[in-house]
Amino acid sequence: MKETILELEKISKNFNDLEVLKDINFKVFKGDIIAILGKSGEGKTTLLRTINNLIEPNDGNIYFKKELIERSNKEIRKFRTKIGFVFQHFNLISNLTVLQNVMLGPLKAKKLPKKEVKELALNKIKLVEMLDKIDSYPDNLSGGQKQRVGIARALAMEPEIILFDEPTSALDPSLVGEVMKIIKKLSFEGITMIIVTHEIAFIRSIANRILFLSEGKVKYDLKTDEFFNSKESTINDYLNIFVYDN
Ligand SMILES: Nc1ncnc2c1ncn2[C@@H]1O[C@H](COP(=O)(O)OP(=O)(O)O)[C@@H](O)[C@H]1O
Ligand SMILES: [Mg+2]
């Protein structure tokens with residue numbers, strides 16, 4: 001039996017009268033690459049932000065390796081270092097260089113000498129193939145390069161799982177491939193990931209499971225092959241829109 005990294009139990013989230021997530025339940029096992037698919041506005045970002053404790057759910061529990069994440073700031077900070085996040089719009093700090101952006105998290109969170117943090121950061125920057133830009137500032141990078149730095153920053157915390165929120169959707173189409181290539185590389189390293197994306201062909205090639213969100217619920221939780229061979233009309237309607245759009 002594989003180790004459970006995350007478990008969501010009866011998670012719900014409202015924004016005022018709007019019920020965005022309703023009774024969400026699923027587990028993530030070590031090495032899983034899970035895609036969360038669903039139309040715009042279905043709550044995919046809200047779900048990822050809830051997992052990362054950027055949003056507090058109205059109801060339900062999240063367990064990290066079987067341990068309940070309590071709702072205190074200290075606990076939340078503790079778990080946030082274990083759960084990496086790659087944002088749609090990169091969220092790099094513009095007055096810090098690439099190297100400084102990647103070093104910042106571990107410098108704050110890990111009690112390591114600066115020299116070791118630098119070595120760690122350089123390793124991750126190498127993995128995303130950005131060593132030639134370590135002294136550049138984010139404004140002087142392309143979107144694809146910014147996102148690769150965003151990935152290195154998440155990796156530098158050595159998290160147990162990384163959440164990706166539409167990592168390529170803010171990019172010029174010509175830059176999508178370089179970011180997908182890096183995510184694929186991580187998949188070969190056995191890193192546990194949850195990826196929200198509409199890049200269907202890409203996700204089909206790397207995910208082992210697909211969660212399909214609809215009306216605030218996980219409507220389907222299927223192995224990748226089962227999802228793409230499904231005859232369900234909700235799935236087919238979704239695939240028809242996004243396969244041909246991209
Ligand atoms: N902070 C917020 N306040 C109020 N409504 C929000 C907030 N964040 C998201 N929503 C609403 O929740 C719904 C789900 O949003 P979101 O999680 O961003 O969907 P997705 O990522 O699937 O496109 C949308 O209707 C959105 O307008
Ligand atoms: Mg979103």
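How do α3 and α4 stand to each other: parallel or oblique? They are oblique, a word kept for angles outside three ranges: under 35 degrees is roughly parallel, over 145 roughly antiparallel and 65 to 115 roughly perpendicular. This is a predicted model, in which local features need pLDDT of at least 70 and side-chain atom pairs count only at pLDDT 80 or more, while totals for chains, interfaces and linings use all residues. Residues are numbered from 1 along each chain as its sequence is written, with chains lettered from A and ligands numbered from 1 in the order in which they are written.

**Stop 1: α3 and α4**

Select residues 114-127, helix α4, together with α3; their axes come within 9 Å and cross at roughly 120°. Axes are lines fitted to C-alpha atoms, for helices over the stretch in contact, and angles run from 0 to 180 degrees between N-to-C directions. Helices (H or I, at least four residues) and strands (E, at least two) are DSSP runs, numbered from the N terminus. The crossing is right-handed, meaning that the near helix is turned clockwise from the far one by less than a right angle.

On the α3 side, pick V98, L99, V102, M103, P106 and L107. Facing them in α4 are K114, V117, K118, L120, A121, K124 and I125. Contact here requires C-beta atoms, placed from the backbone, within 7 Å. The contact has 10 nonpolar, no polar and three charged residues. Ala, Val, Leu, Ile, Met, Phe, Trp, Tyr, Cys and Pro count as nonpolar, Asp, Glu, Lys and Arg as charged, and the others, Gly among them, as polar.

**Stop 2: α3 and α5**

Keep α3 (residues 98-109) and add α5 (residues 143-156): the axes come within 8 Å and cross at roughly 25°. That makes α3 roughly parallel to α5. This crossing is right-handed. V98, N101, V102, G105 and P106 of α3 make the contact with V149, A152, R153 and A156 of α5. Six of the contact residues are nonpolar, two polar and one charged.

**Stop 3: the six-stranded sheet**

α5 also lies across β6 and β7 (161-165), and runs at about 170° to β6. Both strands belong to an open sheet of six, ordered β6-β7-β8-β3-β9-β10, with mixed pairing. Strands pair if DSSP finds at least two bridges between them. β6 (83-86) and β10 are at the edges with a single partner strand each, so one side of each has no neighbour in the sheet. From one strand to the next, the twist averages 20°.

Now select β9 (residues 209-214) and β10 (residues 217-223), an antiparallel pair with six bridges. R209 is opposite K223 in β10. Two residues lie between the strands of this hairpin, where E215 has a positive phi near 50°.

**Stop 4: the four-stranded sheet**

A second selection shows four strands in an open sheet, β2-β1-β4-β5, with antiparallel pairing. β2 and β5 (67-68) are the edge strands, each pairing on one side only. β4 (residues 59-64) joins β5 through two bridges, and F64 is opposite E67 in β5. Helix α1 packs on this sheet, touching β1 (4-15), β2 and β4, with its direction at about 60° to that of β2.

**Stop 5: ligand 1**

Which residues surround ligand 1? They are F15, L18, V20, G38, S40, G41, E42, G43, K44, T45 and T46, counted as near when the C-beta atom, placed from the backbone, lies within 6 Å. β2 (18-29) and α1 (44-51) are the elements giving two or more residues to this shell; α1 gives the most, with three. By class, the shell has three nonpolar, six polar and two charged residues.

Key. Two residues are in contact if their C-beta atoms, placed from the backbone, lie within 7 Å.
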